[in-house]
Amino acid sequence: MDLNLDAPHSMGTTIIGVTYNGGVVLGADSRTSTGMYVANRASDKITQLTDNVYVCRSGSAADSQVVSDYVRYFLHQHTIQLGQPATVKVSANLIRMLAYNNKNMLQTGLIVGGWDKYEGGKIYGIPLGGTVVEQPFAIGGSGSSYLYGFFDQAWKENMTKEEAEVKIIYA
Amino acid sequence: MTFTIPIDNGDSVKNAEADSQRTLYPYVTGTSIVAIKYKDGVLMASDMGGSYGSTLRYKNIERMKAIGKHSLLGASGEISDFQEILRYLDELVLNDNMWDDGNSLGPKEVHNYLTRVMYNRRNKFNPLWNTLVLGGVKNGESYLGMVSMIGVSFEDNHVATGFGNHLARPILRDEWHADLSFEDGVKLLEKCMRVLLYRDRSAINKLQIAKITEEGVTVSQPYSLNTFWEFKAFHNPTAGAEGSW
């Protein structure tokens, strides 16, 4: 079997973000693969950007980590200058800025989810290319192909947190 | 490889490295736009789909946006580039308003600006992967024009992008005439959009129609078209073919 341990670490991921009547729930699997080998079976693909905004990462592990690090840094400065927590929209836009302007070099799809006092719980999907799409729920990563049908049928507005969590774990 | 951090110097977001941007390929794309001039102004139609290669990933993308008071921009092609163009136009409109001189950018000016942007990007081998449709009304004059990703730009009484070029244009050439009423205009657009729905694989049955008149821009709520599937052969499919192959 061809192990090819020099293959770039890609995540082979499933990531999900769902809004419910009070905020957002984010979910992700924990496998990072290098070719056929599972490099890390306990990865944490949900990364914190601020107290109130998290991001689910998919695609190239390195690219998504470095983008998250930059955006966390920008948001930290922004929070200090603003004097109050950053909004989810601003976080999504910062990610978009990096994703769009470096689209030739980056290979990462992200789902930004969080809560702020102006808009409540919000989910923004940022696929390859740097498009920003605000959605009531978002799925991403190579594993998400199997979930389009499931969520089209299972999603409904104003779920409770428990209902949302159950759906995500099932998915 | 350095990681370019964009620096916003009030004009546009530039990259520090000169070489890193070359010909791209689109990721999330919108399909056709169809637009016509009518009695009171311009009508434009688009569906709300965003395709990711061959999969229809997003079904709620608005591909038509108002620009200033007098214009409407519709885009097909890469959605992230369309979002970037909207940012450029935001800046343009903001600066225009800041003059506070009673003048406002009309559709002709916006179209010209977009043509320059698209053509210059093409010259740098780094195109914005869109075909844009710009419609508007100012001082009673209707305007409808198109710019492609390579900078080809023109105006006409009716335009279409993508598949619409092949499927909608012939219908418009036959059935468009000056001074269409609003209802007739909408019917004509719906006829084109229905053909596109049947024959364009990346089209979805969720469309919006936008209207620009002297009063301003309105974009309709999304709705769907009726389609015809009552072919005789489907009514009794097993007649004459009992059992399997």
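**Figure 1. Polar contacts of Asn52(A) in the predicted model.** In this predicted model, the backbone oxygen of Trp115(A) lies 2.9 Å from a polar atom of the Asn52(A) side chain. A polar atom of that side chain is also found 3.0 Å from the backbone oxygen of Ala86(A). Asn52(A) belongs to the loop between β5 and β6 (53–59) of chain A. With a relative accessibility of 17%, Asn52(A) counts as buried, because the limit for a buried residue is under 20%. Beyond its neighbours within four places in sequence, Asn52(A) touches Pro85(A), Ala86(A), Gly113(A), Gly114(A), Trp115(A) and Asp116(A).

**Figure 2. Asp116(A), a contact partner of Asn52(A).** Asp116(A) is part of strand β7 of chain A, which covers residues 108–116. The residue is buried and has no salt bridge. Which side chain of opposite charge is nearest to Asp116(A)? That side chain is Lys122(A), at 8.4 Å; a salt bridge requires a distance within 4 Å, so this pair does not count as one. The side chain of Asp116(A) does have a polar atom 2.8 Å from the backbone nitrogen of Glu119(A). Leaving out neighbours within four places in sequence, the contacts of Asp116(A) are Asn52(A), Ala86(A), Thr87(A), Val88(A) and Lys89(A).

**Figure 3. Gly83(A) in the loop between two helices of chain A.** The loop that holds Gly83(A) runs between α1 (61–82) and α2 (88–101). Is Gly83(A) buried or exposed? Gly83(A) is exposed, at 65% relative accessibility. Between the C-alpha atoms of Gly83(A) and Leu128(A) there are 32 Å, and the two residues are 45 residues apart along the chain.

**Figure 4. The salt bridge between Asp29(A) and Lys45(A).** The closest N and O atoms of this pair are 3.0 Å apart. The two residues are 16 residues apart and link distant parts of the chain. Asp29(A) sits in the loop between β2 (23–28) and β3 (32–34) of chain A, while Lys45(A) sits in the loop between β4 (37–40) and β5 (46–50) of chain A. Asp29(A) is partly exposed, with 25% relative accessibility. Lys45(A) has a relative accessible area of 1% and is buried. Over all chains, the count of salt bridges is 12.

**Figure 5. A salt bridge between helices of chains A and B.** Arg96(A) pairs with Glu84(B) in a salt bridge whose closest N and O atoms are 3.0 Å apart. Arg96(A) comes from helix α2 of chain A, and Glu84(B) from helix α1 of chain B, residues 79–98. How exposed is each partner? Arg96(A) counts as buried, at 5% relative accessibility. Glu84(B) is buried as well, with a relative accessible area of 4%.

**Figure 6. The salt bridge between Lys59(B) and Asp152(A).** In this pair, the closest N and O atoms are 3.8 Å apart. Lys59(B) is located in the loop between β7 (55–58) and β8 (64–67) of chain B, and Asp152(A) in helix α3 (residues 148–154) of chain A, so the salt bridge joins two chains. Lys59(B) counts as partly exposed, at 42% relative accessibility. Asp152(A) is exposed, with a relative accessible area of 52%. Elsewhere in chain A, Glu119(A), Lys122(A) and Glu134(A) form one network through salt bridges that share partners.

**Figure 7. Confidence along chain B.** Chain B has a mean pLDDT of 90, and 89% of its residues score at least 70. Where in chain B is confidence lowest, and where is it highest? The lowest mean is 42, in strand β2 (residues 13–14), and the highest is 98, in strand β4 (residues 33–38). Residues 1–19 of chain B have a pLDDT below 50, and in the model this stretch makes 30 contacts beyond near neighbours in sequence. Where pLDDT is low, the predicted coordinates should not be read in detail. The model as a whole scores ipTM 0.84 and pTM 0.86.

**Figure 8. The fold of chain B.** Chain B contains 5 helices and 15 strands. Of its 245 residues, 46% count as buried. Among contacts in chain B with a separation of 6 or more, 61% join residues 24 or more positions apart. Chain B exposes about 13200 Å², of which carbon and sulfur atoms supply 52%.

Note on methods: Residues are numbered from 1 along each chain as its sequence is written. Chains are lettered from A and ligands numbered from 1 in the order in which they are written. This is a predicted model: local features need pLDDT of at least 70, side-chain atom pairs count only at pLDDT 80 or more; totals for chains, interfaces and linings use all residues. Side-chain values use heavy atoms; hydrogens and water are left out. Helices (H or I, at least four residues) and strands (E, at least two) are DSSP runs, numbered from the N terminus. Buried means under 20% relative accessible area, exposed over 50%, partly exposed in between (1.4 Å probe, protein chains only). Contact means heavy atoms within 4.5 Å. Accessible areas come from the Shrake-Rupley method with a 1.4 Å probe; for residues, only the protein chains shown count as cover. Lys and Arg count as positive and Asp and Glu as negative; His and the chain ends are not counted. A polar contact is a pair of N or O atoms within 3.5 Å; within protein, one must be able to donate a hydrogen and the other to accept it, and residues adjacent in sequence count only if both atoms are side-chain atoms. pLDDT is the predictor's confidence in each residue, from 0 to 100.
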